[in-house]
Amino acid sequence: MLTAPRSPYQAVLGDAITALHPSLQRYFATIPVGHRGVGEGVFTQAGTPRRWLWPLIRLVERRGVVFAGWERDVPFRIVNRTIGTSAVAVREFQLAARTWVMHDDVVRSPAGGVTDRLGRPATLAATFDVAVDGGALTLTSRSLGLAVGPVRFRLPRRLSPVVRLRESHDAGENRQCIELTVDAPFLGRVYGYTGHFTYRIEKEHP
């Protein structure tokens, strides 16, 4: 008997997914065929204040990996879909002077955890350990790899930034909270965003 595919988070966490807050269980579960998950909220801060990094970031900005800039109170919208066994997301950041779109595609990693392939075409791949902490879901990067044209390579661990993501539920405001940080060896915090949003599952528009 065929069974419906599970989201990569369900596949990795197994029964431990029930330790997440119910709203997070819904967020990280498989989205039914013909439906999508829609989140709308605000990043209280996003990007990096280190201006000297902006020219480097612009090399991958157009591919929807990260954006060059530092802004506060950024409205955003995320649309999630489950396609096969992948969790596919599109995020729209309403920056002060433009709309920037981030693409990512999360799959279960053969080595354990999940791998997030960012950009269109896929430009950065990060493999994460997945854990539940006090009802929140946490991701901590284990390795990072880059794709530049046909060339693909993995960053040495001693030089690789560490990406951490925490998704939690704010009971007082009844909303989901997100915090992402990127810390590089010798440099410290080089990128991140923090915010909150509400989320719903809805039928795809015809």
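**Exercise 1. Work out how strand 4 and strand 5 are joined, and in which sense they run.**

Step 1. Strand 4 covers residues 99–108, and 5 bridges join it to strand 5. Strands here are DSSP runs of E with at least two residues, numbered from the N terminus, and two strands pair if DSSP finds at least two bridges between them.

Step 2. The two strands run antiparallel. One bridge links Arg-108 with Val-114 in strand 5.

Step 3. Now look at the turn: the hairpin leaves 5 residues between strand 4 and strand 5, and Gly-112 there has a positive phi of about 100 degrees.

A note before you go on: this is a predicted model, where local features need pLDDT of at least 70, side-chain atom pairs count only at pLDDT 80 or more, and totals for chains, interfaces and linings use all residues. Residues are numbered from 1 along each chain as its sequence is written, and side-chain values use heavy atoms, leaving out hydrogens and water.

**Exercise 2. Find how strand 5 pairs with strand 6.**

Step 1. Strand 6 spans residues 124–133 and pairs with strand 5 over 5 bridges, in the antiparallel sense.

Step 2. Opposite Arg-117 you will find Ala-125 of strand 6.

Step 3. This hairpin also has 5 residues between its strands, and Gly-119 takes a positive phi near 100 degrees.

**Exercise 3. Explain why strand 5 is largely enclosed by the rest of the structure.**

Step 1. Buried means under 20% relative accessible area (1.4 Å probe, protein chains only); over 50% is exposed, and in between is partly exposed.

Step 2. Strand 5 (residues 114–118) is largely enclosed because 4 of its 5 residues are buried.
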